[in-house]
Amino acid sequence: MGRYVMALDQGTTSSRAILFDRAGTIVAVDQHEFPQHFPQPGWVEHDPIELWESQLRAARGALRAAGATGRDIAAIGITNQRETALVWDRSSGQPVHRAIVWQSRQTAPICEALRARGLEQEVRARTGLVIDAYFSGTKIRFILDAVEGLQQRAERGELAFGTVDSWLIHRLTRGRVHATEYSNASRTLLYNIHTRAWDELLLEALRIPRAMLPEVRDTSGCFGVADAEWFGAEIPIAGVAGDQQAALFGQRCAEPGKAKNTYGTGCFLLMNTGSEAPVSRTGLVTTIAWGIGGRVDYALEGSVFVAGAAVQWLRDGLGLLERAGDSEAAARSVEDTGGVYLVPAFVGLGAPYWDERARGTIVGITRGTTRAHLIRATLESIAYQTRDIVECVQRDASLTLDTLRVDGGACRNDFLMQFQADVLGVPVERPAVLEVTALGAAGLAGLGAGFWREMSEIGAAAGERTVFEPDLCAERRESLYAGWKRAVERSRGWAGA
Ligand code: ADP
């Protein structure tokens with residue numbers, strides 16, 4: 001058996017490949033960006049061939065960097081940008097349209113029509129999701145409408161739909177396998193997460209022929225073998241998961257109540273809810289975390305739209321920072337924000353406020369307010385927004401968070417992590433290896449192929465964690481948070497009033 005597991009991390013702006021050895025140590029990484037296509041304002045598309053070729057280049061690059069060949073790879077794991085939708089011709093393997101990316105808003109009118117038909121409750125009950133252009137289903141409808149004759153071809157069984165995982169499996173196996181797995185299926189708006197089947201009512205509502213859909217398999221297990229043409233030897237594809245679920249797995253949040261938060265452009269917080277699939281009363285989504293050995297685990301998911309992006313705005317919009325990382329020293333240079341709160345509602349507010357008309361607001365400014373206060377208030381806003389989501393998740397799941405595990409670019413900021421622990425009143429744990437998404441995919445694949453028996457064997461990555469213990473009395477914590485809530489009220493309903 002090979003020495004390494006290869007994780008393919010197909011993201012929104014780049015394709016990466018990472019080799020892990022048996023200890024879970026990263027041996028080699030390669031990464032290639034690919035073009036973004038913006039056919040109209042608010043639309044985002046990818047060329048499926050560019051996705052595949054950049055991914056193949058990254059995989060071969062990582063092998064080269066490690067001085068390895070296909071024979072050294074025990075298994076391939078795939079993790080991918082979620083919800084992005086592709087349709088291709090089954091016999092030629094050629095895409096019939098560009099991939100419509102998760103961020104793209106081009107199917108908003110299709111969503112509006114579904115809402116007008118009163119389907120919101122049914123969609124939530126069956127899929128755990130809300131009707132939104134973000135999810136894949138309406139993107140398939142868009143593609144079938146975009147080119148004359150596609151609907152008929154789909155009905156004749158000539159076309160295949162897939163999220164990015166299915167597309168990579170299709171290419172790697174040279175068209176032999178058309179499959180996905182639970183975590184990706186649960187983001188399509190077409191999959192019933194309780195009965196674990198493609199849902200007839202939703203397929204009918206969107207007129208999507210069942211013949212287009214991939215088979216849904218376990219997250220960890222057999223997805224076929226990558227053809228020897230690609231890496232010089234056949235390699236089993238043995239684990240697949242959407243990026244956020246892979247990160248949840250890579251963070252070892254395998255028990256109910258365990259949660260991770262990824263601090264990037266926005267934040268993605270997922271809490272494992274075990275075999276329960278709670279229906280959210282706060283507007284979060286319920287999703288499948290993974291299915292392993294026939295058992296499915298669920299998660300509640302909440303996101304913050306603007307997190308690290310607010311730091312980017314300080315840097316690029318206001319010119320207050322040279323680098324995002326400089327925000328830490330600036331924040332520490334003052335004792336507190338001097339009563340200033342910044343609400344980065346640049347694109348409205350999500351859970352639990354759901355206010356599209358909210359806009360960015362700075363309150364509490366006095367003659368003494370400085371650049372450092374604004375920077376500190378911006379970092380603190382990321383932590384307050386995360387607490388908002390944590391409160392929703394705890395309420396919906398009837399579970400209490402004991403620790404928050406963190407990853408993503410902005411979690412390198414020690415000030416932010418300490419403040420996060422302070423404002424939550426629970427410890428924040430940061431792993432030494434921040435590549436938890438790729439580690440999760442590698443773990444799922446390594447377990448699926450028998451390379452590892454349990455996640456605990458992947459020792460190196462479990463290694464040193466930095467723990468930020470809360471260091472604020474409850475009274476101060478709650479009074480700071482109450483101030484945030486008041487600031488949020490000031491930001492609401494501003495646009496279009
Ligand atoms: P994404 O995957 O969403 O592109 P990353 O995980 O790469 O994001 O994180 C980048 C984001 O984190 C940027 O928005 C950047 O402003 C922010 N960021 C990066 N480093 C820091 C830091 N040390 N302190 C605060 N914010 C940071």
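Here is a walk through this structure, from the whole chain down to one residue. Keep in mind that you're looking at a predicted model.

Let's start with the overall build. The protein chain folds into 17 helices and 23 strands. Its radius of gyration is 22 Å, close to the 23 Å that the globule rule gives for 497 residues, so the chain is as compact as a globular protein of that length. If you boxed up its C-alpha atoms along the principal axes, you'd need roughly 70 × 55 × 40 Å.

Now, what about inside and outside? Of the 497 residues, 61% are buried. The chain still exposes about 19000 Å², and carbon and sulfur atoms supply 49% of that area. As for charges, there are 53 positive and 60 negative ones, and the mean positions of the two sets are 1 Å apart.

How do distant parts of the sequence figure in the fold? Look at the contacts with a separation of 6 or more: 72% of them involve residues 24 or more positions apart.

Time to zoom in on Asn80, which you'll find in strand β5, covering residues 73–80. Is Asn80 buried or exposed? Its relative accessible area is 0%, and buried means under 20%, so Asn80 counts as buried.

Who are its neighbours? Leaving out residues up to four places away in sequence, Asn80 touches Gln10, Val164, Asp165, Asn184, Ala241, Gly242 and Asp243. Take a second look at Asn184 in that list: its side chain and the side chain of Asn80 are joined by a polar contact of 2.9 Å.

Conventions:
Residues are numbered from 1 along each chain as its sequence is written. This is a predicted model: local features need pLDDT of at least 70, side-chain atom pairs count only at pLDDT 80 or more; totals for chains, interfaces and linings use all residues. Side-chain values use heavy atoms; hydrogens and water are left out. Helices (H or I, at least four residues) and strands (E, at least two) are DSSP runs, numbered from the N terminus. The radius of gyration is taken over C-alpha atoms; the globule rule is 2.2 Å times the number of residues to the power 0.38. Buried means under 20% relative accessible area, exposed over 50%, partly exposed in between (1.4 Å probe, protein chains only). Contact means heavy atoms within 4.5 Å. Accessible areas come from the Shrake-Rupley method with a 1.4 Å probe; for residues, only the protein chains shown count as cover. Lys and Arg count as positive and Asp and Glu as negative; His and the chain ends are not counted. The place of a charge is taken as NZ of Lys, CZ of Arg, CG of Asp or CD of Glu. A polar contact is a pair of N or O atoms within 3.5 Å; within protein, one must be able to donate a hydrogen and the other to accept it, and residues adjacent in sequence count only if both atoms are side-chain atoms.
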